Amino acid sequence: MAGLTTALRLPGNPDTRYEASAATREKPWVKRLILGISLSFFALFLLLPLVAVFFEALRKGVDVYLAALTDPDALSAIRLTLLTAAIAVPLNLVFGIAAAWAITKFDFRGKHLLITFIDLPFSVSPVIAGLIYVLVFGAQGWFGPWLLAHDIKIIFAVPGIVLATVFVTFPFVARELIPLMQAQGREEEEAATVLGASGWRTFWNVTLPNIKWGLLYGVILCNARAMGEFGAVSVVSGHIRGLTNTMPLHVEILYNEYNFAAAFAVASLLAMLALVTLVVKTFIEWQAALNASAQSQKGQEE
Amino acid sequence: MNRATTYRVLPGFGLSLGYTLAYLSLIVLIPLAAVFLKTFSLSFEQFWAAISAPRVVASYKLSFGASLLAAAINTVFGMMLAWALVRYTFPGKRIVDALVDLPFALPTAVAGIALTALYAPNGWLGQILEPLGIKVAFTPLGVLVALIFIGLPFVVRTVQPVLADLETELEEAAASLGAQRWQTFRLVILPILLPALLTGFALAFARAVGEYGSVIFIAGNIPMVSEITPLMIITKLEQYDYTGATAIACVMLLLSFALLLVINGLQAWTQKRGEKGS
């Protein structure tokens, strides 16, 4: 996934510079062909599915649409999704900051291995992410008998859903902050510390203002995944209506019951979440690019 | 003690690293270890029987085959899209650029039902393809379509920055030496893009092998025909066959780790190329 650091490397206004020179310009028919093929591919595989969600959601009219969203099971799914994200995102936010601080502000052995381990959840199938918690906390798992004896439910209950969500969204904030803080170096924090600022003060007044856009970027991507996770949550949820159904699971149940209009109505909420995420993400890239160019201008004046 | 300790100025090393390691172990490493420990409790015959059952082997073929094909298709079209986004101006370019990340932001279940609705026999695209004898939904072809959807941004987003960093001087030099545009692309630009293309391919492939949500709706999940490997894990779990599920998960995890090593190597290569170029 291209992070904010990568996005910033894209030049702001490159559009015309290639077409100005004969050496970097294609023949008009080649250009039209590349544009035609790539944009058709984009429309077919990305745009059309998105349009279909909203079309199918509203196919049977606004009344059916609203009824599907105000159904008690839908409302409880929405509540559980919000709750899950409200726990998982802050947990991974704190972790991301701690990990990035340790990795970028200090030198120690095994740093590369640690970064690889942090990225690990992205290369594990979501189904396996659910399975591992079943193996640890399930009835036949390591802590199963103990949990049963103490009447604590983790699998097929909300804690399991939260755990699986934390796992799949684990790297988002950390992998956004690590390259960003690496690029910014340690001098500013070291200066603050030498001048007598405490560790927390240094973080709040020096580091945080420098990383706020990267932090926000990681958080919104983390949030989108937390609210939308399906595979991992599906394994640990048990699909108990009104109790352990998140929005994506509710979509699945409605769809499998051939209640397509309602399924797409709930899906359209998730699609809107995705669109809002993309808008905020683009806005942050734009803001960060403005900041970067303002800073480089300041640097040139000095 | 090493030298780094002597020069450490900033506070919070113990706290931040300690918290990082503890949280990483609790959430990721120890639960993942459960898969391997559980697998070791099986006899080899049990393990082999679980991972080589005909239905499971059929699922490997589909998962690997469709993932490879989807990654290859995405590499070709993703490169064209990245090229268009970096080099050309066209109306709606910013919107297209932002929407490339849609598969990252759109929940997989939503993508799954949307693709199914499009490609079902009575859907917008299914209606066109059905008379031509092409069935997409509920066939292996449907799996391919879902995996193309999910993998496209990986290729675009790894190729795009490399393409944008490319010095135009290289192409100007090639042109002044008499190279045709196609020759310049094939002999100058493509070799520079190669590490990024391979990285994008590997990332898209790795994601596709493990993908579940967007595939299961459109696949139809017919045993021996359109069942993917992650679905086999779910099926075993639903039958309370935890050992079988774990054995298959173990195979998939080993593949994921191998891919992770390959991807790390490719990314290091891409970076080295970039540094040499600039």
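This is a short tour of chain B and its contact with chain A, in a predicted model.

**Stop 1: the whole complex**

Show both chains and colour by confidence. The predictor assigns the complex an ipTM of 0.91 and a pTM of 0.92. Now isolate chain B. Its mean pLDDT is 92. Of its residues, 96% reach 70 or more.

Select residues 1-5 of chain B. Here pLDDT stays under 50. The model gives this stretch one contact beyond four places in sequence. Where pLDDT is low, predicted coordinates should not be read in detail.

**Stop 2: the fold of chain B**

Switch to cartoon. Chain B has 14 helices and zero strands. Walk along from the N terminus and every element in the run is an α. Orient the chain on its principal axes: the C-alpha atoms fill a box of roughly 75 × 65 × 30 Å.

**Stop 3: two domains in chain B**

Colour residues 7-40 of chain B as domain 1 and residues 44-277 as domain 2, following the domain assignment. The C-alpha centres of these two domains of chain B are 30 Å apart. Where they touch, domain 1 of chain B contributes five residues and domain 2 of chain B nine.

Between them, domain 1 and domain 2 of chain B bury about 590 Å². Carbon and sulfur atoms account for 91% of that area. Select F36(B), K38(B) and T39(B) as sticks. These three supply 70% of the area that domain 1 of chain B buries against domain 2 of chain B, more than any other three residues.

What does the side of domain 1 that touches domain 2 of chain B consist of, by residue class? It divides into three nonpolar residues, one polar and one charged. Look for salt bridges between the two domains of chain B and the rule finds zero. For residue pairs in polar contact, with both at pLDDT 80 or more, the count across this interface is also zero.

**Stop 4: the interface with chain A**

Bring chain A back. The contact draws 97 residues from chain B and 100 residues from chain A. The buried area between the two chains is about 9000 Å². Carbon and sulfur atoms give 79% of it.

Which residues of chain B lose the most area to chain A? Select L10(B), Y88(B) and W124(B). Together these three make up 8% of what the chain B side buries.

**Stop 5: polar links across the chains**

Turn on polar contacts. Eleven residue pairs are in polar contact across the interface of chain B and chain A, both partners at pLDDT 80 or more. Next, highlight helix α2 of chain B, residues 13-40. With 19 residues, helix α2 gives the largest share of the chain B side that touches chain A. By class, that side of chain B divides into 73 nonpolar, 14 polar and ten charged residues.

**Stop 6: a salt bridge to finish**

How many salt bridges run between chain B and chain A? The count is two. For one of them, zoom in on R181(B) and E26(A), whose side chains meet at 2.7 Å, N to O.

Over all chains, the rule counts 16 salt bridges. Why does the R181(B)–E26(A) pair join two chains? R181(B) lies in helix α11 (residues 181-210) of chain B, while E26(A) sits in the loop between α2 (17-20) and α3 (28-58) of chain A, so the pair joins two chains. Keep both elements in view and the tour ends here.

Technical notes: Residues are numbered from 1 along each chain as its sequence is written. Chains are lettered from A and ligands numbered from 1 in the order in which they are written. Side-chain values use heavy atoms; hydrogens and water are left out. Contact means heavy atoms within 4.5 Å. Buried area is the accessible area (1.4 Å probe) that two parts lose on being put together, summed over both. A salt bridge is a side-chain nitrogen of Lys or Arg within 4 Å of a carboxyl oxygen of Asp or Glu. A polar contact is a pair of N or O atoms within 3.5 Å; within protein, one must be able to donate a hydrogen and the other to accept it, and residues adjacent in sequence count only if both atoms are side-chain atoms. Helices (H or I, at least four residues) and strands (E, at least two) are DSSP runs, numbered from the N terminus. Ala, Val, Leu, Ile, Met, Phe, Trp, Tyr, Cys and Pro count as nonpolar, Asp, Glu, Lys and Arg as charged, and the others, Gly among them, as polar. Domain bounds come from an automatic or database domain assignment. pLDDT is the predictor's confidence in each residue, from 0 to 100.
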